[in-house]
Amino acid sequence: MKARTPYWPLFRNELGVGHYAGIPWAMCLGFYLAIWLLASSLPLLILFKTCEGNLATFFTAFGGMFGFALVWWVAITAWLFAFALLPGISNPIQTVRAFEFMFTRAIDRRHLLRTRAAVIHLVLLGPLLLNLLVSSGSRETTFGPDNSQPESALRREQYSNAFPASRPKEGTVGVYPKEGTVRGWPITALKSLEQPAPIVIPRGSMALSAWILWMGALGLLLMQGYCVLVARHVQNSPWRAVMVIGGPIVAAALLAPWIPKLYPDLFEQSFLFFARNLVPLLIGLLALVPAVQIFSERRFSKLEIL
Amino acid sequence: MNEYIIETKNVFRSFGGSAAVKDLNLRVRRGSIYGFLGRNGAGKTTTIKMLAGLIWPDSGEIRVNGVEPAKLTVADRWKIGYVSERQILPPGMRVGALIQFTSNFYPDWDFAVCDRILKRFGIDPGKRIKALSHGTARQVAFLLAMAQKPELLILDEPAANLDVVARRAFLEEMLDLIREEDKTVLLSSHILSDVERVADEIGIISQGTLKISEPLDRLKETVKQVRFYGFERGINGFEIPDAIRFSKSKDEALATLRLPDETLLPKLAATHRCQYEITHLNLEDIFVEVVKE
């Protein structure tokens, strides 16, 4: 008989099916789905409601919410991996010692970890993937005109380079009136009365969603690698485990407010870099998935349960 | 097929620089019930965890059913049942759901055995694990190990923390089932009366070293306590280097000895011109003599 660990029972188990009474489980699921849908639509909502589909102003808003999103992301990711990988940390489904139960059944530890990782990836990347899917049907994205930055022309050129298929928006006038105000600014305050028309970025919102998904996936893989790396050193000490998991969360909370202040262009430049190098970055990410997984499975197979 | 289902050679394992198991050479014969005895902290659980593939030795070799525990495959695990003293089952699961979940991983899973054990122990399959008493949870763990139909059953203090009545009932039921299924059992316990009732072979570990490993009958037959007295030429110079335990006072000596045949004592008494008196020991006495510091 082929000795293989069946996948679906483990998958259902990792989702907590059969571990809780129906109503609490359904309530948790409902709450999670609400968060999931909110998270999946938030970037696009900001883009189209607050910034009217204009990337020129999006990244300021994005930078504002980035701190919160980063801390939330790191916290959720770190704890989910901690539950999955660190026997020293009690988790809501298995508890500390149930690791021993799972490790002494006829379950391939590598398959166990693969299932756990699949569930975590699904839970955390699902909203971002949904965001990507929704963005494929969203309305067009533009860039400019933007006079708030003196480097406007440079950025416009960067966008044009990153998105060679971009084109000037049709039906827009590229010259402002000689009197009056533009967005509340007196005309005299503007550097130039002549403004280029906004450029239309085909599939711009998709590129944006793909960039967010790419960053999320990269962060997830790095966090998985980190948790696997520290697992053996903290496997039997809940306090040490809490400290190494809490470390990145605290670091993220401390760093997040400073990033937009110190590097105001970081997100936009990162996005443009992603758009310019889409293929190699996607290949790199795809290559990282098996590398991290194999590394994780090897380390997980050698975990000790004292 | 190898005669021994468990074999270890010169196994060493330490924690934080302190040796938990030293130079362990353990062999468990197929089909036997091996009582693995030791005081708390003697190295029993460390040994068993190494056998179960939960921790790894620092040096030495371990073979369980011919395979290194670190390399046990899923098919190898089908044949090894494991119940530990502190093993916690998934607390939120109902007993029935846990049985169903665990059955997914074993091709020969025996639901009839599950039903039988549930009935024998009076376990409600609709109850969640966290609602069970400690003893009942142990019984469920035992059920899960038995239903997979293992060739080797490793039981680490399976009846620890149970009251006397519950422990006895549990052990009796467990033994009936084990005998019916004809399995090899490694039973670790510090409750000697439990082990004495069931074990074929005994291993005694003390301070990380396996002091004794042999059939229980032979152990009880050969290990005796002997009081030497009436030394005509004085007790000075009277020593028994091979004794398990030896002490002497002004005019008598007390030795716990392995006596493979009847002729040893008369020869010894004749050489030292003394008399002797033999006390037969039960397992508990032998255990105390072996592990006493």
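## Close-ups of a predicted model

In chain A, residues 24 or more positions apart account for 80% of the contacts with a separation of 6 or more. Keep in mind that this is a predicted model, and let's look at it piece by piece.

**Figure 1. Chain A, with its 11 helices and 5 strands.** Chain A has 306 residues, and 47% of them count as buried. Its accessible surface comes to about 15,600 Å². Carbon and sulfur atoms make up 70% of that surface.

**Figure 2. The largest nonpolar core, a set of 140 residues.** Which residues have the most contacts inside this core? They are A:F59 and A:Y159. The element that gives the most to the core is α7(A), with 15 residues. As background, nonpolar side chains tend to be buried together in soluble globular proteins.

**Figure 3. The surroundings of A:F59.** Set aside the neighbours within four places in sequence, and A:F59 is in contact with A:Y159, A:L208, A:W211, A:F267, A:E268 and A:F271. So much for A:F59; there is also a second, separate core, made of 16 residues. Look for B:L37, B:L216, B:L281 and B:F287, which are included in that second core.

**Figure 4. The largest cavity, holding about 50 Å³ of space.** The structure has 2 cavities of 30 Å³ or more. Lining the largest cavity are B:E157, B:P158, B:A159, B:A160, B:R167, B:L171, B:L187, B:S188, B:S189, B:I191 and B:D194. Two elements of chain B, α6 (164–181) and β8 (184–189), each give two or more residues to this lining. Which element has the largest share? That's β8(B), with 3 residues. Sort the lining by type and you get 6 nonpolar, 2 polar and 3 charged residues.

**Figure 5. The second largest cavity, with about 40 Å³ of space.** Here the lining is made up of A:L85, A:V228, A:A231, A:R232, A:R299, A:F300 and A:L303. In chain A, α7 (204–234) and α11 (278–301) are the elements that give two or more residues to it. You've met α7(A) already in the core, where it gives 15 residues; in this cavity lining α7(A) again gives the most, with 3 residues. How many residues of this lining are nonpolar, polar and charged? The split is 5 nonpolar, no polar and 2 charged.

How values were computed
Residues numbered from 1 in each chain as written. Chains lettered and ligands numbered in written order. Heavy atoms only, no water. Helix = DSSP H or I, 4+ residues; strand = E, 2+ residues; numbered from the N terminus. Buried < 20%, exposed > 50% of the residue type's maximum accessible area, 1.4 Å probe, protein only. Contact = heavy atoms within 4.5 Å. Areas by Shrake-Rupley, 256 points an atom, 1.4 Å probe, with all protein chains shown as cover. 1 Å grid on protein atoms, 1.4 Å probe; cavity = no way out; pocket = protein on both sides within 12 Å on 5 of 7 lines; lining within 4 Å. Points joined across faces, edges and corners; volume = space filled by probe spheres on them. Nonpolar A, V, L, I, M, F, W, Y, C, P; charged D, E, K, R; others polar. Core = buried A, V, L, I, M, F, W, Y, C linked by side-chain atoms within 4.5 Å.
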